[in-house]
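Here is a set of short exercises to work through with the structure open beside you. Try each task before you read its solution.

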Amino acid sequence: MTKTTKALLVLEEIHPLIQAKTMPLKTIIRQAKAACVQCQRCTDLCPRYLLGHRIEPHKIMRSLNYAKGEADVLKMTFFCSECGACEQIACPMFLSPRMINGRIKRELIQNGIKPNTSTRMPTAHSMREHRRIPTKRLKIRLGLIRYDRLAPLADLKYQPQVVRIPLSQHIGKPSTPTVELGQIVEKGMLIAQIPENSLGANIHASISGTVVEISKHIVIDSGKKGGNQ
Ligand code: SF4
Ligand code: SF4
């Protein structure tokens, strides 16, 4: 949990979303090569394509079998936001252009390949307004409709003995620690600050205790001598 965590959704292991998420990429690529019927529905519903960006996921899927390595097609993946509309709503064959795009995009970045830059403002597709995905339909397709109900908050007291606070949990540079190993801190005290001339965020102790680790995290243990909540 970081300050940018909006919500957590806990699903059963057998839920289709978990099954899809845990499917090995090798299997996903094999299925894509064998079952893509080039219907173009993934492109027709792709929000980035509809905004006018240079992405046509059906062509990327086709490139898995044909036109391998065609640079312009592979670079389309840079425009994919990995929203999942293609896999969850569009594809009649239950394929995942999203995961394939993500994989190709990361490989291009690792190999130092950058997206083509253009000063041209994208022009939205004329059908964009008619191809929006209704939220209710999305919940049904994702198998989430039964979780869409009131969830009253329980007033629980939770007092962890140890907290691990990441120094990077925001936009910008990681924060710079202002505390030392072994230092006793009070709840609410500044423990890391924005690096000079940078974008970042200050971080404060969420419990009182002793600083027992400073790495990519600051770990505070309230059970160590001197700590109390
Ligand atoms: S919607 Fe599915 S089957 Fe149709 S082109 Fe896209 S990936 Fe292929
Ligand atoms: S995951 Fe990528 S390709 Fe698929 S609909 Fe979203 S932006 Fe388009």
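Before we start, one definition will help: Ala, Val, Leu, Ile, Met, Phe, Trp, Tyr, Cys and Pro count as nonpolar, Asp, Glu, Lys and Arg as charged, and the others, Gly among them, as polar. Please keep in mind that this is a predicted model.

**Exercise 1. The shell around ligand 1**

Task: find the residues that surround ligand 1 and sort them by class.

Solution. Begin with the list: ligand 1 is surrounded by Cys-36, Val-37, Gln-38, Cys-39, Gln-40, Cys-42, His-58, Met-61, Cys-91, Pro-92, Met-93 and Pro-97. Next, apply the classes to these names. The shell divides into nine nonpolar, three polar and no charged residues.

**Exercise 2. The shell around ligand 2**

Task: describe the surroundings of ligand 2 by residue, by element and by class.

Solution. Start with the count: 14 residues surround ligand 2, and the closest are Cys-46, Cys-80, Cys-83, Gly-84 and Cys-86. Then look at the elements: helix H4 (47-50), H7 and H8 each give two or more residues to this shell. Finally, sort by class, which yields eight nonpolar, three polar and three charged residues.

**Exercise 3. The largest pocket**

Task: work out which helix gives the most residues to the lining of the largest pocket.

Solution. First, get a feel for the pocket, which holds about 760 Å³ of space. Its lining has 29 residues, and nearest the centre lie Leu-17, Ala-20, Glu-87, Gln-88 and Leu-142. Now gather the candidates: at least two lining residues come from each of helix H1 (16-22), helix H2 (25-35), helix H7 (85-90), helix H8 (97-110) and helix H9 (135-141). Of these, H1 gives the most, with five residues. To round off, the lining contains 19 nonpolar, six polar and four charged residues.

**Exercise 4. A residue in helix H7**

Task: decide whether Ile-89 is buried or exposed.

Solution. Locate Ile-89 in helix H7. The cut-off for buried is under 20% relative accessible area. Ile-89 has 1% relative accessibility, so this residue counts as buried. As an extra step, look along the chain to Leu-138: 49 residues separate it from Ile-89, yet their C-alpha atoms are 7.3 Å apart.

**Exercise 5. Building a sheet**

Task: put the four strands of the open sheet in order and explain why S1 and S3 each have one side without a neighbour.

Solution. The order is S1-S7-S6-S3, and the pairing is antiparallel. Strand S1 (162-166) and strand S3 (184-185) are at the edges with a single partner strand each, so one side of each has no neighbour in the sheet. Now follow the pairs. S1 and S7 are antiparallel over five bridges, and Arg-164 has Val-219 in S7 as its bridge partner. Strand S6 (residues 209-214) pairs with strand S7 (residues 217-221) over four bridges, again antiparallel, with Val-211 opposite Ile-220 in S7. A hairpin of two residues joins S6 to S7. Lastly, check how covered S7 is: four of its five residues are buried.

**Exercise 6. Two domains**

Task: how many Å separate the centres of domain 1 and domain 2?

Solution. Mark the bounds from the domain assignment: domain 1 (16-146) and domain 2 (162-226). Taken over C-alpha atoms, their centres are 39 Å apart.

Note on methods:
Residues are numbered from 1 along each chain as its sequence is written. Chains are lettered from A and ligands numbered from 1 in the order in which they are written. This is a predicted model: local features need pLDDT of at least 70, side-chain atom pairs count only at pLDDT 80 or more; totals for chains, interfaces and linings use all residues. Side-chain values use heavy atoms; hydrogens and water are left out. On a 1 Å grid over the protein atoms alone, a cavity is a set of points where a 1.4 Å probe fits but cannot get out, and a pocket is an open set with protein on both sides within 12 Å along at least five of seven lines; lining residues have an atom within 4 Å of a point. Grid points are joined across faces, edges and corners, and a volume is the space filled by probe spheres set on the points. A residue is near a molecule or strand if one of its heavy atoms lies within 4 Å of it. Two strands pair if DSSP finds at least two bridges between them. Buried means under 20% relative accessible area, exposed over 50%, partly exposed in between (1.4 Å probe, protein chains only). Domain bounds come from an automatic or database domain assignment.
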